Amino acid sequence: QVQLVESGGGLVQAGGSLRLSCAASGRTFSSYAMGWFRQAPGKEREFVAAISRSGSSTSYADSVKGRFTISRDNAKNTVYLQMDSLKPEDTTVYYCGARKAPLISIATRSYDYWGQGTQVTVSS
């Protein structure tokens, strides 16, 4: 069992930056591939970025490629999402997910655990 807690969301102007953090409980964090997703009201949860257990492999949605960077610190049981050059269309709730597998996945259904989400609002 893994519990995930996101933080770092907030209000920022277009072009600005935020860094989201997702802290995981337990001593098996390095056993999980991690992902960031986002979900707007009334819409399906969509993939943003993912990172393998070791951090050696990453994947990004086309909409954030070159602007967002996912990373992890296994010693701190934390995964990060650095978001730069933010756009108003990035406004929504961001969730981190954990899957007990070595490889990354962009599929929501492949993740076993989810955090409660953190709101990101980008003003124009």
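**Salt bridges around Arg38**

Arg38 and Asp90 are both buried. They make a good place to start in this predicted model, since the two residues also form a salt bridge, with their closest N and O atoms 3.0 Å apart. Look at where each partner sits: Arg38 belongs to strand S4 (residues 33-39), while Asp90 is in the loop between strand S8 (78-83) and strand S9 (92-99), so this pair ties together parts that are 52 residues apart in sequence.

Stay with Arg38 for a moment. Its side chain also meets that of Glu46 in a salt bridge, at 2.7 Å from N to O. How exposed are the two ends of this contact? Arg38 has 7% relative accessibility and therefore counts as buried, because the limit for that label is under 20%. Glu46, at 38% relative accessibility, counts as partly exposed, because that value falls between the 20% and 50% cut-offs.

If you follow the shared partners outward, a network appears: salt bridges join Arg38, Glu46, Arg67 and Asp90 into one group. Arg38 takes part through its contacts with Asp90 and with Glu46.

Now turn to another pair, Asp62 and Lys65. These residues form a salt bridge too, and their closest N and O atoms are 3.3 Å apart. Are they buried or exposed? Both Asp62 and Lys65 are exposed, whereas Arg38 and Asp90 are both buried.

To put these contacts in context, a search of the whole structure finds four salt bridges. Among them are Arg38 with Asp90, Arg38 with Glu46 and Asp62 with Lys65.

Notes:
Residues numbered from 1 in each chain as written. Predicted model: local features only at pLDDT ≥ 70, side-chain atom pairs only at ≥ 80, totals over all residues. Heavy atoms only, no water. Buried < 20%, exposed > 50% of the residue type's maximum accessible area, 1.4 Å probe, protein only. Helix = DSSP H or I, 4+ residues; strand = E, 2+ residues; numbered from the N terminus.
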